[in-house]
Amino acid sequence: MLKEKQNHESFNLTKNIYTVSDFTNSLKNLIEEKFSFISIKGEISNLSQPTSGHIYFTLKDEKAEIKAVMFRGYKNNLKLNLHDGMEIIAVGDVSVYTQRGYHQLIVKNIEVAGQGSLFIAFEKLKKKLNDQGLFDKFHKKKLPKFPLEIGIITSSTGAAVEDIINILTRRAPHVKLNLRPTIVQGTKASNDIIQAIDQFDKNKNIELIILGRGGGSIEDLWCFNEEKLINKIFECQTPIITGIGHETDFTLADFASDLRAPTPSAAAELASISLDEIEKKLINFKVRFSELLNIIMNNSWQRLDNISIRYGFQKPSLLIESKKKHLNEKSYQLKKNFQNSFNLKSYHVESIKSKLQIIDPKLILKRGYSIVYENSKNKIIKSIHEISNNEDVYVKMSDGSIKTQIKKIIKNEKR
Amino acid sequence: MKKDKKINFEDSMNRLEDIVNLLEDQSTSLEQSIELFEEGMLLTDSCKEILKNTETRIKKLLKEEKN
């Protein structure tokens with residue numbers, strides 16, 4: 001107790017009290033005097049090159065960092081393309097920025113000191129995973145063309161989540177969105193993201209996952225380069241689109257995902273075909289359908305017409321015509337055949353007639369024969385037994401008849 | 001031809017082809033011809049009806065689409 005009181009008193013006894021400005025200026029003088037034209041080795045991060053022409057970055061190693069600026073006037077000395085993760089030796093003066101109360105390195109020249117350790121780690125892991133085939137194209141899953149439910153994994157704050165949700169609700173209002181907020185920076189991030197992926201992958205309704213994060217330094221994005229997360233992305237059955245950082249940022253998650261979008265906004269656009277496009281497609285289908293239907297109808301009509309105009313259907317009379325012709329032919333033949341047989345018969349009759357003429361009784365009478373009839377003239381008497389004595393008979397001659405009486409019947413003598 | 005059975009356009013068309021070929025064949029008897037002709041006319045009518053109905057349906061569908 002007493003000791004503490006004494007200290008307190010001794011502090012009060014100090015007569016030299018600084019104002020903040022006085023102290024900072026003293027510090028400034030002290031530091032700037034001591035650290036003029038020094039060389040500091042470290043890794044570039046948070047590199048920024050605004051249009052003012054000045055270059056701002058943080059120079060860092062595993063345990064500490066210092067702000068650095070290279071003013072426009074010194075840029076002519078610069079022979080390198082600076083990028084995050086680059087290990088450099090910065091040459092310049094340390095200065096204290098009194099208004100803000102921090103020190104920074106005013107860089108006058110920069111030399112390369114080899115690749116930064118993070119960069120080397122990145123390249124090493126990239127090669128390892130690539131050799132394992134995790135980045136192979138044939139492992140890439142096909143994205144659903146018309147997803148109805150999308151899972152979004154990103155930080156609940158920041159521009160990325162807003163951009164993704166805005167773009168999806170505008171372009172594809174029919175898509176149901178599921179947001180699983182995660183940590184997207186630091187040592188706990190990868191485990192959180194892995195859990196989120198697992199959760200969405202188990203949900204059968206979710207057809208597509210967007211893994212997004214806004215821009216940041218290589219350190220900020222480092223969780224997306226962690227091996228366990230890359231393996232999870234590779235194992236996930238649901239297709240994943242990554243949109244991490246800016247267009248120039250590549251993380252290993254991008255290599256392992258099914259599609260890499262340059263930014264979170266681009267990921268949202270690639271995730272879903274817009275409703276407008278779907279409508280256009282549908283209209284296109286309708287036009288093609290009606291065209292095709294027309295063609296089918298026309299073809300069908302033509303086919304039916306082609307059959308209908310065949311003569312088999314067109315003129316049924318023709319069907320009978322051929323039958324009629326056939327009938328006529330037959331009847332002509334019939335007539336012809338009849339005529340022939342008639343002619344033959346009549347010839348036959350003629351020949352019989354001439355034969356008959358030879359035995360005509362009239363000719364016989366002319367030769368001197370006579371025919372004896374009964375009195376009634378009805379019956380020719382051929383035998384002496386058919387008449388008796390005193391019976392009247394007629395005798396027919398070639399030029400007349402005689403009526404006479406039988407006087408005596410004389411029988412022929414037998415030989 | 002069974003009347004009860006729903007007439008299939010494709011089958012009807014194939015039958016019509018057969019019928020017209022038979023009709024144009026001289027050796028087909030008169031009795032058979034007239035029966036085939038009758039069947040052919042009935043089939044042609046039903047085919048036309050199918051096509052007309054289909055056209056009406058298409059028109060209706062396209063109209064509904066416009067509305």
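Which side chain meets that of Glu149(A) in a salt bridge? The partner is Lys176(A), with 3.8 Å from N to O. The legends below describe this pair and several other close-up views of a predicted model.

**Figure 1. A salt bridge joins Glu149(A) and Lys176(A).** The two side chains meet at 3.8 Å, taken from N to O. This pair links distant parts of the chain: Glu149(A) belongs to strand E6 and Lys176(A) to strand E7 of chain A, and 27 residues separate them. Over all chains, the structure holds 13 salt bridges.

**Figure 2. Strands E6 and E7 of chain A run parallel.** Strand E6 covers residues 149–154 of chain A, and six bridges join it to E7(A). Within this pairing, Ile153(A) has Arg180(A) in E7(A) as its bridge partner.

**Figure 3. Five strands of chain A form an open sheet with parallel pairing.** The order of the strands is E7-E6-E8-E9-E10. Strand E7 (176–181) and strand E10 (259–261) of chain A are the edge strands, and each of them pairs on one side only. On average, neighbouring strands of this sheet are turned by 20° against each other, direction ignored. In general, the strands of a sheet pair through backbone hydrogen bonds, and the pairing is either parallel or antiparallel.

**Figure 4. Helix H8 of chain A lies across four strands: E6, E8, E9 and E10 of chain A.** The helix comprises residues 264–271. Strand E8 spans 208–213 and strand E9 spans 240–244. Relative to E9(A), helix H8 of chain A runs at about 155°.

**Figure 5. Strand E1 of chain A pairs with strand E4 and with strand E2 of chain A.** Strand E1 (residues 38–48) and strand E4 (residues 86–97) of chain A run antiparallel and are joined by six bridges. One of the residues to follow here is Ile38(A), whose bridge partner in E4(A) is Gly92(A). Four bridges connect E1(A) to strand E2 (residues 55–60) of chain A, and these strands also run antiparallel. Ser48(A) stands opposite Tyr56(A), which lies in E2(A). Together, E1(A) and E2(A) form a hairpin, with six residues between the two strands. In the turn, Gly53(A) has a positive phi of about 100°.

**Figure 6. Three strands of chain A form an open sheet with antiparallel pairing.** Their order is E11-E12-E13. Strand E11 (371–373) and strand E13 (401–405) of chain A stand at the edges; each has a single partner strand, so one side of each is left without a neighbour in the sheet. From one strand to the next, the twist averages 30°. Strand E12 (residues 392–396) of chain A is joined to E13(A) by five bridges, and the two run antiparallel. Val393(A) has Thr404(A) in E13(A) as its bridge partner.

**Figure 7. Chain A and chain B meet at an interface with a buried area of about 2,200 Å².** The size of an interface is often given as the accessible area lost when the parts come together. Here, carbon and sulfur atoms give 71% of the buried area. The contact takes 18 residues from chain A and 28 residues from chain B.

**Figure 8. One salt bridge is found across the interface of chain A and chain B.** The side chains of Glu10(B) and Arg303(A) meet in a salt bridge, at 3.2 Å from N to O. Four residue pairs in polar contact are also found across this interface, both residues of each pair being at pLDDT 80 or more. Helix H9 (275–308), helix H10 (311–314) and helix H11 (316–358) of chain A each supply at least two residues of the side of chain A that touches chain B. The largest share, 10 residues, comes from H9(A). By class, this side of chain A has nine nonpolar, five polar and four charged residues.

Definitions and conventions: Residues are numbered from 1 along each chain as its sequence is written. Chains are lettered from A and ligands numbered from 1 in the order in which they are written. This is a predicted model: local features need pLDDT of at least 70, side-chain atom pairs count only at pLDDT 80 or more; totals for chains, interfaces and linings use all residues. Side-chain values use heavy atoms; hydrogens and water are left out. Contact means heavy atoms within 4.5 Å. Buried area is the accessible area (1.4 Å probe) that two parts lose on being put together, summed over both. A salt bridge is a side-chain nitrogen of Lys or Arg within 4 Å of a carboxyl oxygen of Asp or Glu. A polar contact is a pair of N or O atoms within 3.5 Å; within protein, one must be able to donate a hydrogen and the other to accept it, and residues adjacent in sequence count only if both atoms are side-chain atoms. Ala, Val, Leu, Ile, Met, Phe, Trp, Tyr, Cys and Pro count as nonpolar, Asp, Glu, Lys and Arg as charged, and the others, Gly among them, as polar. Two strands pair if DSSP finds at least two bridges between them. Axes are lines fitted to C-alpha atoms, for helices over the stretch in contact, and angles run from 0 to 180 degrees between N-to-C directions.
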